[in-house]
Amino acid sequence: MEDVEAAVIAAAEEHLRACQLADPQPRPDDCLPCYLHRALRSTGCDGKLSLTHEWQGHQRVRRRRTGGLTAYLKSRGGFCDCEVLMNVYPDREPDLHPGRGRCSHPAWR
Ligand SMILES: [Zn+2]
Ligand SMILES: [Zn+2]
């Protein structure tokens, strides 16, 4: 086998392994934007803040403060889940390799 060919195959196998390792499930312990990144990949935006409110419900169960979340997001142009990502957290890169606990960002502000 050609060396180049072998390298291409090795790279492809490496990529496949990385994809299988990546957990596509939304992680409610992650910050809001990381959660939305994962959740929107499987569900898509329904034009509302459904996934945001789902995340908020998870925080409530964990007794974390999210008072004023919706007003905060809407005042920054986040009127649906994808707008929250685009307008409220445009600079926050999703933490693709978060630890077991949660990603490294503040929860929502
Ligand atoms: Zn995060
Ligand atoms: Zn949207």
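## Helices 2, 3 and 5

Helix 2 crosses helix 5 in a left-handed sense. The side chains and backbone discussed here belong to a predicted model. On the helix 2 side, the contact is made by Pro-33, Leu-36, His-37 and Leu-40; on the helix 5 side, it is made by Asp-81, Cys-82, Val-84 and Leu-85.

Two packed helices are described by the angle between their axes and the distance between the axes. For helix 2 and helix 5, the packing angle is about 135° and the axes lie 10 Å apart. Angles over 145 degrees would count as roughly antiparallel, and those of 65 to 115 as roughly perpendicular. Helix 2 and helix 5 are therefore oblique to each other.

Helix 3 comes next. This helix has 12 residues, running from 50 to 61, and at 1.5 Å a residue it should span 16 Å. The C-alpha atoms at its ends are 17 Å apart, which agrees with that expectation.

Which residues of helix 3 are buried? They are Leu-51, Thr-52 and Trp-55. These residues lie on the same side of helix 3, because they cover an arc of only 105° around the axis. Among the elements that cover them are helix 2 (32-42), helix 4 (69-75) and helix 5 (81-88). Helix 2 and helix 5, the pair that packs at about 135°, are thus both included in the cover over the buried residues of helix 3.

The face of helix 3 turned away from the buried side carries exposed residues, namely Gly-57, Arg-60 and Val-61. After helix 3 comes Arg-63, which has a positive phi, near 60°.

Terms used:
Residues are numbered from 1 along each chain as its sequence is written. Chains are lettered from A and ligands numbered from 1 in the order in which they are written. This is a predicted model: local features need pLDDT of at least 70, side-chain atom pairs count only at pLDDT 80 or more; totals for chains, interfaces and linings use all residues. Helices (H or I, at least four residues) and strands (E, at least two) are DSSP runs, numbered from the N terminus. The expected span of a helix is 1.5 Å times one less than its number of residues. A residue is buried if 20 or more other C-beta atoms lie within 10 Å of its own, exposed if 12 or fewer, and partly exposed in between; C-beta atoms are placed from the backbone. The arc is that of the directions from the helix axis to the C-beta atoms. Two residues are in contact if their C-beta atoms, placed from the backbone, lie within 7 Å. Axes are lines fitted to C-alpha atoms, for helices over the stretch in contact, and angles run from 0 to 180 degrees between N-to-C directions. Angles under 35 degrees count as roughly parallel, over 145 as roughly antiparallel, 65 to 115 as roughly perpendicular and the rest as oblique. A crossing is left-handed if the near helix is turned anticlockwise from the far one by less than a right angle, and right-handed if clockwise.
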